[in-house]
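Let's take a walk through this structure together, one stop at a time. Have the sequence and the 3D view ready.

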Amino acid sequence: MSFPTTRLRRLRSTEVTRNMIRETKLTRDDLIMPLFVRYGQNVKNPISSMPGNYQLSVDLLVEECKRLYNKGVQSILLFGIPEHKDEHGLVACQENGIVQQAARAIKKAVPQLFIVADVCNCEYTTHGHCGTIIDGDVDNDSTLITLSKQSVSLAESGVDMIAPSDMMDGRVAAIRAALDENSFKNMPIMAYSAKYASAFYGPFRDAAESAPQFGNRATYQMDPANSNEAIREVELDIFEGADIVMVKPALSYLDIIRRVKDEFNIPIAAYNVSGEFSMIKAAAEKGWIDEERITLEVLTSIKRAGSDVIISYHTQDVVDKL
Ligand code: PBG
């Protein structure tokens, strides 16, 4: 049946029918807000390339978590900026590590807030790479040891989910085994499975003070030109025990999200990363775009592509509009 019998505009003609047939609905349940915790007291350092985001010391982070929770944010993703860094990122494996301190304090003050902990070494190593350096490159298998230790330590501090973002081979299996051996069988793992070596992480590296001091991350993060390889990465992570698989960044990779959705039956997360956020903020500051509409359109498109979970710095701006 075609025109004039079929007229798709009929159901677009009123708000009620538009709402009735809407295929994708963004909700508060979908969103995770990333936060940066820094050593010190009473610290609130604005991140200049990410308006509205701060490096916060534990005391102020707790206040921020209360504010966000009251606004409707249900889940946060924590990144830490430690006072001292070391060769291997061991500072992140300690009971008094910065994220561990933050998790304990948040769980005391806002126990219902769901805490996801990013697991990686780049914020904790002197060289800014995601693992232990041997012969000028990140050594995969020795890095699995620090990632596993960091994960167990974070679990002990009370976080609700572990999210490895390092892109080492075999890390989901290693972390799963370490968690299971330490009585954390029920701790879910959200793996950054298809994580690309992307220029969109630029503002984040200022925020987390995690830029590599030499070279780049191309020997471990994925080539932005590849799609089949993303399927292999996701398949391996599922096989190793990931509970949620992630595609990152989101917007230049909506095709990858859709492919993963079509090929696997597993919850998918997408990371709407710092550069994607900052571009919208910058254009909005110039008055070139309608920030609220664009933000909702972007987040809806990520969900429409197939993502169940969306990690986004926009969360705090949109959560009370959903
Ligand atoms: C740590 C990590 C990064 C991001 C999340 N976890 C940076 C990187 O890989 O260099 C980026 C997040 C963002 O840009 O918002 N490995």
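Before we start, one term: two residues are in contact when they have heavy atoms within 4.5 Å of each other. Keep in mind, too, that what you're looking at is a predicted model.

With that in hand, let's go to Y220. You'll find Y220 in the loop that runs between α6 (202-208) and α7 (228-240). Is Y220 buried or exposed? With a relative accessibility of 8%, Y220 falls on the buried side, because the cut-off for buried is under 20%. And what does Y220 touch, once neighbours within four places in sequence are set aside? The list is H129, C130, V138, D166, M167 and M168. H129 deserves a second look: the side chains of Y220 and H129 make a polar contact at 2.7 Å.

Y220 also gives us a handy route to the next stop. Count 25 residues along the sequence and you get from Y220 to K195, while in space their C-alpha atoms are 9.2 Å apart.

K195 brings us to the ligand. There are 18 residues around the ligand, and the closest are K195, R205, K248, S274 and Y313. Zoom in on a few of these. In K195, a side-chain N or O atom is 2.7 Å from an oxygen atom of the ligand. R205 has a polar side-chain atom that is also 2.7 Å from a ligand oxygen. For Y313, the distance from a side-chain N or O atom to an oxygen of the ligand is 2.6 Å. How much of the ligand does the protein cover? On its own the ligand has 400 Å² of accessible area, and the protein covers 100% of that. As for where the ligand sits, look in the largest cavity.

Y313 leads on to N272, since Y313 is among the residues that N272 touches beyond four places in sequence; others include A250, L251, V298 and H314. N272 belongs to strand β11 (residues 268-272). N272 is buried, at a relative accessible area of 1%. Its side chain makes a polar contact with the side chain of E276, at 2.9 Å.

Our last stop is T315, which is part of helix α11 (residues 315-318). T315 is buried, with a relative accessible area of 1%. The T315 side chain reaches the backbone oxygen of S312 at 2.7 Å, and S312 is itself one of the residues that N272 touches. Further off in sequence, not counting neighbours within four places, T315 is in contact with L31, I32, M33 and V73.

How values were computed: Residues are numbered from 1 along each chain as its sequence is written. This is a predicted model: local features need pLDDT of at least 70, side-chain atom pairs count only at pLDDT 80 or more; totals for chains, interfaces and linings use all residues. Side-chain values use heavy atoms; hydrogens and water are left out. Helices (H or I, at least four residues) and strands (E, at least two) are DSSP runs, numbered from the N terminus. Buried means under 20% relative accessible area, exposed over 50%, partly exposed in between (1.4 Å probe, protein chains only). A polar contact is a pair of N or O atoms within 3.5 Å; within protein, one must be able to donate a hydrogen and the other to accept it, and residues adjacent in sequence count only if both atoms are side-chain atoms. A residue is near a molecule or strand if one of its heavy atoms lies within 4 Å of it. Accessible areas come from the Shrake-Rupley method with a 1.4 Å probe; for residues, only the protein chains shown count as cover. On a 1 Å grid over the protein atoms alone, a cavity is a set of points where a 1.4 Å probe fits but cannot get out, and a pocket is an open set with protein on both sides within 12 Å along at least five of seven lines; lining residues have an atom within 4 Å of a point. A molecule sits in a cavity or pocket if more than half of its atoms lie within 2 Å of its grid points.
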